[in-house]
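Let's look at how the strands and helices of this one fit together. Have the sequence and the 3D view open side by side as you read.

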Amino acid sequence: MKRVFRAGSLIQVAHARNVLLSAGIQSELRNQYLAGALGDLPMLETWPQLYVEDADEQAALRALARAATVPSGASWTCELCGEVLEPQFTSCWRCGSTASSIP
Ligand SMILES: [Zn+2]
């Protein structure tokens, strides 16, 4: 399983889950009730999170990116690994590098 989304608000996570569902991707909601319960965990780790099957990861990330932003501008190429990325992505999904070189 791969984590594709997390947010401090269960509402945001539920919305993201609906986005995935409408794209035909099943997701698993974790940490639904954990937030605020465990003071020793880093906060991000206690946030509600969405997981998908490994094979669905890229499709899920694309569906979420499409839902979150309106694509604009041109595709860009990752400086580190050479992956060509669609404009709505602000970081490389392959190596994690950020899009510092967007024109
Ligand atoms: Zn890259």
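Strand E2 (residues 28–30) and strand E3 run antiparallel, and three bridges join them. Keep in mind that you're looking at a predicted model. You can pick out some of the partners yourself: glutamate 28 sits opposite tyrosine 51 in E3, while arginine 30 has glutamine 49 of E3 as its bridge partner.

E3 has another partner too. Strand E1 (residues 2–6) pairs with E3 (residues 49–52), again in the antiparallel sense, this time over four bridges. Here lysine 2 faces valine 52 in E3.

What actually holds paired strands together? Strands of a sheet pair through backbone hydrogen bonds, and they can do so in parallel or antiparallel fashion.

Here are the residue pairs in one place:

| Residue | Partner in E3 |
|---|---|
| Lysine 2 | Valine 52 |
| Glutamate 28 | Tyrosine 51 |
| Arginine 30 | Glutamine 49 |

Now zoom out. In what order do the three strands line up? The order is E1-E3-E2, and together they make an open sheet with antiparallel pairing. That leaves E1 and E2 as the edge strands, each pairing on one side only. Going from one strand to the next, the twist averages 35 degrees.

Next come the helices. Helix H1 (residues 10–22) lies across E1, E2 and E3, and runs at about 20 degrees to E3. Helix H3 (residues 57–68) packs on the sheet as well, where H3 touches E1 and E3. The direction of H3 makes about 15 degrees with that of E1.

Methods. Residues are numbered from 1 along each chain as its sequence is written. This is a predicted model: local features need pLDDT of at least 70, side-chain atom pairs count only at pLDDT 80 or more; totals for chains, interfaces and linings use all residues. Two strands pair if DSSP finds at least two bridges between them. Helices (H or I, at least four residues) and strands (E, at least two) are DSSP runs, numbered from the N terminus. Axes are lines fitted to C-alpha atoms, for helices over the stretch in contact, and angles run from 0 to 180 degrees between N-to-C directions. Two residues are in contact if their C-beta atoms, placed from the backbone, lie within 7 Å.
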